[in-house]
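Please open the model in your viewer and keep the selection tool at hand. The tour below moves from stop to stop, saying at each what to select and what is found there.

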Amino acid sequence: MMSLTLDDIGFVYRGADSPALDAVTLSVEPAQMHAVLGPLGSGTSTLCRLVAGLLTDRGTVSGVLHLNGSAVMLGDDPEAQLSGMTSVVGDEVQLPGRLNGNDSAPAISRAHTALDSLGIDHLWKRRLETLSGGQRQLVALAGLLTLRPMVLVLDQPSLSLDPHTRKRLVTALRTFCDQGGSVLITAHQLDDLTDACDRVSILDAGRLTTTDSSVTPAEARRHGIWDSRRHDAEPMAQPHGRPDPERRPTSAGASQLAPSPVLSARGLSVVRGQSTVLDSVDLDLGAGELVTIMGPNGAGKSTLLRHLLGLIEPDARTAGTITTESAGDVLRLEELVTHQRSRHLGWVGQDPGSQLSAATVRAEVETSAPLPPHRRRDRPTVRAHRHEAAASAIMDMDLTEAGDTHPYDLDIARRKDVVMASALVTSPRILLLDEPTLGRDHAAITRLNAFISRFLRRGGSILATTHDRAWAAAMSNRILRLDAGTLYPAPES
């Protein structure tokens with residue numbers, strides 16, 4: 001008997017003119033992993049939510065869906081699935097079982113088993129806010145595994161995961177299947193998880209177009225799917241040019257650049273409790289340069305960017321100097337508060353939801369930073385300048401048609417673009433991009449690359465973190481690696 005069967009399934013959201021899913025027929029057998037790939041807007045997330053029973057009051061379903069047993073879903077925003085009711089990993093992973101009626105001992109046992117299967121049982125006593133995005137994603141998944149479902153539905157499960165962790169996740173999912181479970185994965189990218197699936201289908205404009213055991217890179221590109229698997233992946237189309245590939249590192253964070261660096265950090269350290277996250281990190285970023293930082297989940301990549309902007313929690317111990325130039329003067333950024341640093345450093349965090357608060361894209365961008373100091377009589381002029389800056393940033397990110405849209409009505413990649421536009425309104429020379437390729441398909445990465453090339457050609461500089469090896473190899477002037485608190489040049493591939 002199939003674990004999951006969809007027979008001629010259609011779904012139309014309430015108020016929509018066209019179906020999100022149209023005559024979808026597929027089946028997932030016990031002990032099988034099935035991937036459904038598609039570009040943004042193809043209906044992959046809708047498919048997941050439909051299987052998980054989360055769309056019953058959102059529209060009209062047609063066709064027949066048969067589910068043998070229970071299904072649980074990890075969505076494309078896994079941090080939103082953390083309960084907010086706990087502060088420690090072990091308590092968070094036990095919570096689903098406790099709410100489902102499990103006694104203390106079975107709940108603890110299941111939580112340890114789930115965490116161990118994902119290779120993160122050592123995080124049992126860690127506070128959730130100290131985890132990386134990838135680690136929090138695995139914690140949310142571990143909580144679902146304690147429910148022992150028959151079908152596991154994963155929407156973009158590779159988000160924020162380093163290559164080693166993705167392979168560990170493959171092993172955990174295979175073990176889940178060996179125990180009789182079934183896995184349905186949806187994604188916008190080819191990666192280690194999709195390679196491990198028994199069957200791969202392609203969903204385009206709500207219809208399944210291909211079902212096979214594998215999908216070639218050429219076929220993926222034809223359907224708008226990004227291939228993130230290889231360093232030597234075919235270069236992206238970059239109509240605005242690519243960063244100069246000749247700049248190469250001489251030492252960790254330092255580069256062979258003729259001009260002085262636009263950003264220099266020396267001795268950056270972060271200690272949380274007894275744990276050293278960053279250990280005397282030195283970093284230089286030159287004008288017109290894109291530097292990417294790679295490394296395992298929990299290595300401190302996001303912490304490094306947050307330290308530069310002054311966003312480290314107050315109970316952590318920090319050290320180091322951070323300098324940049326402004327109007328010919330050298331500024332010591334570590335002496336400034338965060339909103340003052342943001343005039344020089346545009347911040348785009350890993351989770352766009354944490355930086356969004358307004359009801360429309362236009363309002364979000366216009367109110368993303370305080371107005372500069374001004375006299376009351378100059379307020380109309382200052383506001384007019386802000387309106388012009390916001391309109392320019394929205395146009396730069398190709399968001400003009402979405403100006404009146406609520407940010408949460410956009411997909412995760414476009415929400416990231418909104419935050420990027422917000423970072424531009426103060427005209428910073430430097431952008432800090434945490435996982436900029438997260439949730440993007442081929443077209444969205446092409447759009448990102450075009451923006452990056454324009455920003456660099458205008459003399460800007462970008463420091464980014466990523467787990468996307470293909471993107472880093474195609475776009476970076478330099479690739480650095482952060483591991484065990486130490487930053488060093490990434491080995492040549």
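How do the residues of the lining of the second largest cavity divide into nonpolar, polar and charged? In this predicted model, that lining is made up of five nonpolar, four polar and four charged residues. To find the place, select Asp77, Pro78, Glu79, Ser160 and Leu438, which lie nearest the centre of this cavity among the 13 residues that line it; its volume is about 120 Å³.

Next, turn to the largest cavity, which holds about 230 Å³ of space. Select Ser158, Leu159, Ser160, Arg166 and Gln189, the closest to its centre of the 18 residues in the lining. Here the lining divides into four nonpolar, nine polar and five charged residues.

Now leave the cavities and select the strands of an open sheet, six in number, which run in the order β19-β20-β21-β16-β22-β23 with mixed pairing. At the edges are β19 (345-348) and β23 (486-489), each of which pairs on one side only, and the twist from one strand to the next averages 20 degrees.

Within this sheet, select residues 290-294 and 461-465, where β16 and β21 pair in the parallel sense over four bridges; leucine 290 has isoleucine 462 of β21 as its bridge partner. Then add residues 301-309, helix α8, which packs on the sheet and touches β16, β19, β20, β21 and β22, with its direction at about 150 degrees to that of β20. Finish with residues 412-424, helix α12, which also packs on the sheet, touching β19 and β20 and making about 165 degrees with the direction of β19.

How values were computed: Residues numbered from 1 in each chain as written. Predicted model: local features only at pLDDT ≥ 70, side-chain atom pairs only at ≥ 80, totals over all residues. Heavy atoms only, no water. 1 Å grid on protein atoms, 1.4 Å probe; cavity = no way out; pocket = protein on both sides within 12 Å on 5 of 7 lines; lining within 4 Å. Points joined across faces, edges and corners; volume = space filled by probe spheres on them. Nonpolar A, V, L, I, M, F, W, Y, C, P; charged D, E, K, R; others polar. Pairing = 2+ DSSP bridges. Helix = DSSP H or I, 4+ residues; strand = E, 2+ residues; numbered from the N terminus. Axes fitted to C-alpha atoms, helices over the stretch in contact; angles between N-to-C directions. Contact = heavy atoms within 4.5 Å.
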